[in-house]
Amino acid sequence: MAESKAIHSYPSPAISHEEDIHEVNKGEDLSDHEQPLASPYAEHGPGIDHKIPQDDVIPAAPDLAWSKIRRAMRDPFAEFFGVFILILFGDGVVAQVVLSRNANGAYQSISWGWGIGVMLGVYASGVSGAHLNPAVTFANCVFRKFPWRKFPEYLVAQVLGAFIASGIVYANYKSAIDQYEGYGIRTVGQENSTAGIFCTYPAEFMTRTGMFFSEFIASTILMFCIYALQDNGNLGAGNLTPLGLFFVIFGIGACFGWETGYAINLARDFGPRLMSYALGYGNEVWSAGGYYFWIPMVAPFFGCMFGGFLYDVFIFTGASPINTPWMGLKRLIRPNRQQEPNHLA
């Protein structure tokens, strides 16, 4: 559900936002693939520069076998544990509210739990960028030059983290689930069903179009706000980005979560759904809601892409496909033309 790094704080000159990097190169005739000179007014930040806080830290015992493995796999490890923590808190709060029949929490408790899960997951996975969401990773590949080669490993790590964490939540609450549904009984869509602890299901009155739009608009808000929090050329949240993301997720849950459960994340929904299927909830985890399961897998990609597009078109002035000739379409029309150097990856 979110990308962030708690990184260095960059100074923000008290000038118009329009006095950006292009003012330094005013009058110069740069081709569309040349990188302009650096400027103190250019946007900076974790989602833009991809700087890692520990870049200059000297690791202890770097020649150990595990040190080498960790160095090579640290990004997917971080994404795994970021999503792992997210699901522990998110599915955990749903389990407590549902299984106590609202005696130990209510709907807003769920919004709090998911917000806290995202915030702590971001803190745990800052070294990888703390995407925690394949749709966020995808949008960063498109708009922020995040390396495409990392997309598959991030996606696998995120889904696996959600899958295993949901199994731990189940193990923790198994006795309560037996007491709630009946020993060994696992159902979907019935009065005492507990499948909704693990993944999302739409309200009965929702149409297919409404389901998709609900996930789309929530994902759009998510990505737009992520870029706003990361953009030091705007206001930027700096080291408070994880706290800002807490309020973003809390707000989405409180304002847009009722109809579909605001999955807004393939990993968050598919991983636990697959776990619930493996635990015996049956084929209905896929068929419920008119085979709703594919919507929280697909809609977040469209929503996050649109949210990133909106932010870059109307606010962001840094390096982005939007800020190239024809808003990046020229690259699609003339793909063999030399591309601008990748200084951000």
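**Burial, salt bridges and contacts**

User: Why does Asp91 count as buried?

Analyst: In this predicted model, Asp91 has a relative accessibility of 0%, and because the term buried applies under 20%, Asp91 counts as buried.

User: How do you know whether Arg268 is buried or exposed?

Analyst: The same kind of reasoning applies to Arg268, whose relative accessibility is 3%; since buried means under 20%, Arg268 counts as buried.

User: What makes the pair of Arg268 and Asp91 a salt bridge?

Analyst: The side chains of Arg268 and Asp91 come to 4.0 Å, taken from N to O, and because the cut-off for a salt bridge is a nitrogen of Lys or Arg within 4 Å of a carboxyl oxygen of Asp or Glu, the pair is given that name. This salt bridge links distant parts of the chain, with Arg268 placed in helix H9 (residues 266–281) and Asp91 in helix H3 (residues 65–99), 177 residues apart. The structure holds 6 salt bridges.

User: Why can Asp312 and Arg144 be said to tie together separate parts of the sequence?

Analyst: Between the side chains of Asp312 and Arg144 there is a salt bridge of 2.8 Å, N to O. Asp312 belongs to helix H11 (residues 295–314), whereas Arg144 belongs to the loop between helix H5 (134–143) and H6, so the pair ties together parts that are 168 residues apart in sequence. Asp312 and Arg144 are buried.

User: What makes Asp269 and Arg273 a salt bridge, and where do they lie?

Analyst: The closest N and O atoms of Asp269 and Arg273 are 2.6 Å apart, and because a salt bridge requires such atoms to be within 4 Å, the two residues form one. Both lie in helix H9, 4 residues apart, which is about one turn of the helix. Asp269, at 0% relative accessibility, counts as buried, and Arg273 counts as buried at 1%. Elsewhere, Lys174, Asp178 and Arg186 are joined into one network by salt bridges that share partners.

User: Why is Met73 called partly exposed?

Analyst: Met73 has a relative accessible area of 37%, and because buried means under 20% and exposed means over 50%, with partly exposed in between, Met73 is partly exposed. Met73 lies in helix H3, and together with Trp66 and Ile69 it forms a nonpolar patch on the surface, with about 300 Å² of accessible area for the three residues together.

User: How do you know whether Thr187 is buried or exposed, and what does Thr187 contact?

Analyst: The relative accessible area of Thr187 is 14%, and since the limit for buried is under 20%, Thr187 is buried. Thr187 lies in the loop between H6 and helix H7 (208–230), and its side chain makes a polar contact of 2.4 Å with that of Glu181 and a polar contact of 2.9 Å with that of Ser193. Leaving aside neighbours within four places in sequence, the residues in contact with Thr187 also include Asn192, Thr194, Ala195 and Tyr281.

User: Which residues touch the most other members of the largest nonpolar core?

Analyst: Trp114, Leu222 and Tyr281 do, in a core of 62 residues. Helix H6 (residues 151–181) supplies the largest share of this core, with 11 residues. Another core, of 6 residues, lies apart from it, and its members include Ala203, Met206, Tyr292 and Ala299. In soluble globular proteins, nonpolar side chains tend to be buried together.

Technical notes. Residues numbered from 1 in each chain as written. Predicted model: local features only at pLDDT ≥ 70, side-chain atom pairs only at ≥ 80, totals over all residues. Heavy atoms only, no water. Core = buried A, V, L, I, M, F, W, Y, C linked by side-chain atoms within 4.5 Å. Buried < 20%, exposed > 50% of the residue type's maximum accessible area, 1.4 Å probe, protein only. Helix = DSSP H or I, 4+ residues; strand = E, 2+ residues; numbered from the N terminus. Patch = residues over 30% accessible without salt bridge, like charges linked within 9 Å, V, L, I, M, F, W, Y side chains within 5 Å. Areas by Shrake-Rupley, 256 points an atom, 1.4 Å probe, with all protein chains shown as cover. Polar contact = N/O pair within 3.5 Å; in protein donor to acceptor, adjacent residues only side chain to side chain. Contact = heavy atoms within 4.5 Å.
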